[in-house]
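I am opening a notebook page on this structure, and I want to keep a short record of what I look up in it.

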Amino acid sequence: MLAKVHCAALQGITAHAVEVEVNDGYGETLVVIVGLPDAAVRESRDRVTTALTNSGFKMPLGRITINLAPADIRKEGPSFDLSIGIGMLAASEQLESRQLEHIMMVGELALTGAVRRVKGVLPIALKARAIGMDGIMVPSDNAAEAAVVDGLNVYPVANLREAAAFLEGREKIEPKQVDLEKLFAARDIDVPDFAEVKGQESVKRALEIAAAGGHNVLMIGPPGTGKSMLAKRLPGILPPLMLEEALEVTRVHSIVGHLEPGEALVTQRPFRKPHHTVSDAGLLGGNINPTPGEISLAHNGVLFLDELPEFKRNVLETMRQPLEEGSVTISRAAGSMTFPSAFMLVAAMNPTPDGKMPGESSSSPREIQNYLGRISGPLLDRIDLHVEVPQVKFQEITANRDGEPSASIRDRVIAARQLQEQRFDGRARVTCNARMQARDIKQYCQLADEPKNLLQMAMNELNLSARAYDRILKVSRTIADLSDSDSINSEHLSETLQYRTLDRQLWG
């Protein structure tokens with residue numbers, strides 16, 4: 001007998017519908033899996049057959065042929081176990097159900113028959129809804145993740161027997177429900193607050209501007225000045241994730257397997273801090289079968305690179321294209337995958353190899369230049385704000401008063417972002433000032449004569465590039481938004497220019 005069960009295969013962050021065809025034929029008892037399976041899928045025949053017998057079912061006799069269609073899409077991982085097991089039961093007439101046509105199934109089978117959690121359930125659930133499935137059967141630990149997809153019944157199952165009983169109507173399973181409002185209401189728990197930071201008001205101002213416009217930031221200062229402390233608090237002043245943004249972030253984290261059991265949605269903006277020994281594959285993504293890297297895991301959040309010059313130069317250079325486009329394409333023999341990577345880059349570094357300021361350092365000028373030269377000019381041009389982080393004074397450390405709380409700063413940031421949303425009118429790729437294209441800069445960043453003359457003088461004296469010119473206008477537009485100004489004036493431009501001079505002083 002021939003049985004058909006619906007499943008899905010992951011390619012990047014996208015799921016493709018897969019039809020699992022199981023045929024119970026005559027001949028020597030043998031299980032054959034075809035349809036471009038990887039090693040984990042081929043091994044499922046041993047997991048599934050053992051799970052069937054340990055669950056009280058009979059092992060089908062004869063030649064079992066399992067085809068995963070379409071055959072030109074590579075099938076990876078153990079997520080096909082549940083659909084193969086149900087297909088074998090249906091093909092051997094141990095299960096009869098009309099629901100097989102309307103329910104997608106995904107899950108790994110333990111040898112006991114228990115259904116274990118798998119990666120990538122959210123994109124699979126989105127695909128199930130897109131192709132018109134009534135529901136999806138998933139492991140209990142993945143049920144909350146799938147339940148965020150509106151308009152799709154999500155049936156959590158703990159073991160193979162429960163799944164078979166539900167499909168035959170002998171057991172009822174209530175669809176999993178998730179309260180999205182409750183999830184978003186609890187998202188600010190354990191986020192560090194700027195009120196805990198003593199001093200560094202100028203740096204806080206720069207980070208507020210960065211958060212308001214989605215700009216990249218480089219903090220330069222001696223060790224112990226609070227660069228890492230400030231960076232960790234940046235997500236607390238960013239606008240809260242909207243549902244669509246949260247779904248994008250969760251899809252990436254889902255396929256990598258970073259969601260905790262029972263976790264439904266990533267509701268806080270990601271904060272990723274890779275070590276400086278990270279490889280280009282670890283940062284951008286890759287391996288034999290392309291998977292997301294750190295820049296994609298930081299999508300819609302913050303990527304913090306501490307000790308920036310310690311990163312390999314070739315690794316840093318690979319970020320140039322994703323910083324511009326908000327996505328990264330990985331090409332391998334197995335195919336090309338495009339992952340989202342619209343992140344804020346926040347970097348920190350010492351001004352010299354020994355951590356002291358140039359006038360106090362014992363390093364030679366050549367050693368300092370070699371150290372700073374590890375960061376290329378093109379990469380530096382893509383960082384909008386260069387901020388000096390000075391030593392905190394004793395009076396500031398011992399002061400009893402707290403700094404301004406993150407909530408107050410975030411209110412100003414949200415107000416500025418709302419102006420940008422109205423300006424760009426819901427355009428897909430332009431969500432903040434940092435994402436403006438050339439035509440947007442021409443339309444929204446026009447200068448009067450006085451600020452134009454100021455910018456021309458700065459460009460000539462600092463020898464800034466055309467890319468730096470665009471960055472200056474974008475940051476100036478953000479500062480104007482924070483002050484609720486329709487036009488960019490000389491005051492806004494002057495503040496922006498102070499964030500572009502530090503690199504020229506140090507890099508010469």
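Which residue in β18 is the bridge partner of methionine 219? Working on what is a predicted model, I find that the partner is valine 387. I then looked up the strands themselves, and noted that four bridges join β10, residues 217-220, to β18, the two running parallel.

Next I traced the sheet, which is open and made of five strands with parallel pairing, in the order β11-β14-β17-β10-β18. I marked β11 (271-272) and β18 (385-388) as the edge strands, since each pairs on one side only. Across β10, β17 (344-349) and β18 lies helix α8, residues 201-213, and I recorded its angle to β18 as about 165 degrees.

I went on to isoleucine 383, which I located in the loop between α16 (377-381) and β18. Is isoleucine 383 buried or exposed? I entered it as buried, because its relative accessible area is 0%, against a limit of under 20%. Leaving aside residues up to four places away in sequence, I listed what isoleucine 383 touches: Asn216, Val217, Leu218, Leu345 and Arg500. For arginine 500, I noted a separation from isoleucine 383 of 117 residues in sequence and of 9.3 Å in space, C-alpha to C-alpha.

Last, I turned to the cysteines, where a search of the whole structure gave zero disulfides. Cysteine 432 is in no disulfide, and I wrote down that the nearest cysteine sulfur, that of cysteine 445, is 12 Å away. I also entered cysteine 432 as buried, at 6% relative accessibility, and cysteine 7 as buried, at 1%.

Conventions
Residues numbered from 1 in each chain as written. Predicted model: local features only at pLDDT ≥ 70, side-chain atom pairs only at ≥ 80, totals over all residues. Heavy atoms only, no water. Pairing = 2+ DSSP bridges. Contact = heavy atoms within 4.5 Å. Axes fitted to C-alpha atoms, helices over the stretch in contact; angles between N-to-C directions. Disulfide = S-S within 2.5 Å. Buried < 20%, exposed > 50% of the residue type's maximum accessible area, 1.4 Å probe, protein only.
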